[in-house]
Amino acid sequence: MEFDLPDEHRMIRETVRDFCEREIEPIAQEIEDEHRFPAEIFDQLADLDVMGVPIAEAYGGLGGDTLMYALVAEELGRVSGAVGLSYVAHTSLASKPIELFGSEAQKERWLRPLAEGEYVGGWALTEPSSGSDASDMDTTARKEGDEWVLNGTKQFITNASEAGSILVKAVTDSDAGYDGISTFIVDPREDDGFEVTTIWDKMGLNASPTCEISLENVRLPEDRLLGEEGEGWEQTKKTLDGGRISIAALSTGLAQGAYEHAKSYSKEREQFGQLICEFDAVRDTIVDMHRKTERARLLTHRAARTYDRGDPVTRESALAKLDASEAAREVAEDAVQVLGGYGYTTDFAPQRFYRDAKLMEIGEGTSEIQHLVIGRELGL
Ligand SMILES: Cc1cc2nc3c(=O)[nH]c(=O)nc-3n(C[C@H](O)[C@H](O)[C@H](O)COP(=O)(O)OP(=O)(O)OC[C@H]3O[C@@H](n4cnc5c(N)ncnc54)[C@H](O)[C@@H]3O)c2cc1C
């Protein structure tokens, strides 16, 4: 726990923790097994006024900072990686860019319902043939009169099957490289030519839909262009600077949840006539789980505070994401081990944390890409 959190932040954290333990934790395994997006949970999160934590009150948000938002993401991750993933994709990827880059009219039309939790949002960068090398995309938007016409396929898009809006990246000038990419606001419920073609079965996080989407001659009015034409790549970099902090926070939550399960089990389970936490090996494992979780939290909070000061944050957010996602996977694996055979069953949560944690090392830039980013920031 951090020692210098403002009272307001502590209050939000307590409120969300209480909600998570009461409403989400009891169904976390069930929604995973059923591959069910828990819309009712998102309605309740909207009632708690946390679907737009870092969005200005003027647009229906809570007007909190990134640190407050990170605390909420951590609490969700502590009980359900899937709810946490859909939540952070909605906030950092689908909502925040509209606040940062949108016109007043776009904020009123598209940001407000997201921030008020009327529906969740999505963000579509990745394609079947371009992931880490994301700017090498094939999706195009060509101007026809006063309309944009989008064509292409986007891959692994969180929330797409549930979303009320999706920010889609497309090439508007194939000769302009990074400056030839733009962002469009697509309405999946109304825009003809939009289709969810696949909802993937995954090794974890199955209550968070991960979709392939097809855009076939999707015609959009001019006011669906987010910001200026050609700004899409710069927007993407800024969006990921913030998004990686939320993946770090979610990872910290997964690590915290896994650690707590292992610790409490070790204080109940007896072998050879003693509690297993009294074996040096088990105690040391749990101490290391705690150490890694605390380190991940500190790096995450440092990145969030850097973002909130308005300072450059690329290095801090990549460092936090790299460290916290690794911590989550390692701590969750240790939790399975501490629970022994029971840890391998779906009656106990650690296996779910372990499966969920793996994605954190892949999404919003793999660990290898975080090394590239940090290396560049260090001048290497
Ligand atoms: C559950 C889930 C949710 C997702 N949600 C979204 C979403 O909402 N929106 C969205 O746009 N995308 C989303 N993604 C996509 C995700 O961001 C990509 O999967 C990720 O960026 C990796 O891209 P890729 O899968 O194409 O892997 P690839 O880029 O093909 O990478 C394969 C391997 O090669 C390595 N590699 C690639 N390039 C380099 C390099 N230069 N140096 C060293 N190693 C390298 C990678 O690290 C990786 O190990 C999601 C993915 C998943 C699984």
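**Exercise 1.** In this predicted model, work out whether Arg-219 counts as buried, partly exposed or exposed, then find its salt-bridge partner.

*Solution.* Start with the accessibility: Arg-219 comes out at 40%. Buried would need a value under 20%, and exposed one over 50%. So Arg-219 is partly exposed. Next, look for a carboxylate: the side chain of Glu-144 makes a salt bridge with Arg-219, at 2.6 Å from N to O. Now place the two on the chain. Glu-144 belongs to strand S2 (residues 140-144) and Arg-219 to strand S7 (residues 210-221), so this pair ties together distant parts of the chain, 75 residues apart. To finish, check the partner: with 31% relative accessibility, Glu-144 is partly exposed too.

**Exercise 2.** Take the salt bridge between Arg-13 and Glu-14 and classify each residue by its accessibility.

*Solution.* First the contact itself: N to O is 3.9 Å here, and the cut-off is within 4 Å, so the pair counts. Then Arg-13: its relative accessible area is 7%, so it's buried. Last, Glu-14: at 42%, this residue is partly exposed.

**Exercise 3.** Do likewise for Arg-309 and Asp-311.

*Solution.* Their closest N and O atoms sit 3.0 Å apart, which gives a salt bridge. Arg-309 has a relative accessible area of 57%, so call it exposed. Asp-311 has 36%, so that one is partly exposed.

**Exercise 4.** Which residues join Arg-17 in a network of salt bridges, and how many salt bridges are there by this rule?

*Solution.* Follow the links from Arg-17 and you pick up Glu-21, Glu-75, Arg-78 and Glu-260. Then tally up: the count is 34 salt bridges.

Key. Residues are numbered from 1 along each chain as its sequence is written. This is a predicted model: local features need pLDDT of at least 70, side-chain atom pairs count only at pLDDT 80 or more; totals for chains, interfaces and linings use all residues. Side-chain values use heavy atoms; hydrogens and water are left out. Buried means under 20% relative accessible area, exposed over 50%, partly exposed in between (1.4 Å probe, protein chains only). Helices (H or I, at least four residues) and strands (E, at least two) are DSSP runs, numbered from the N terminus.
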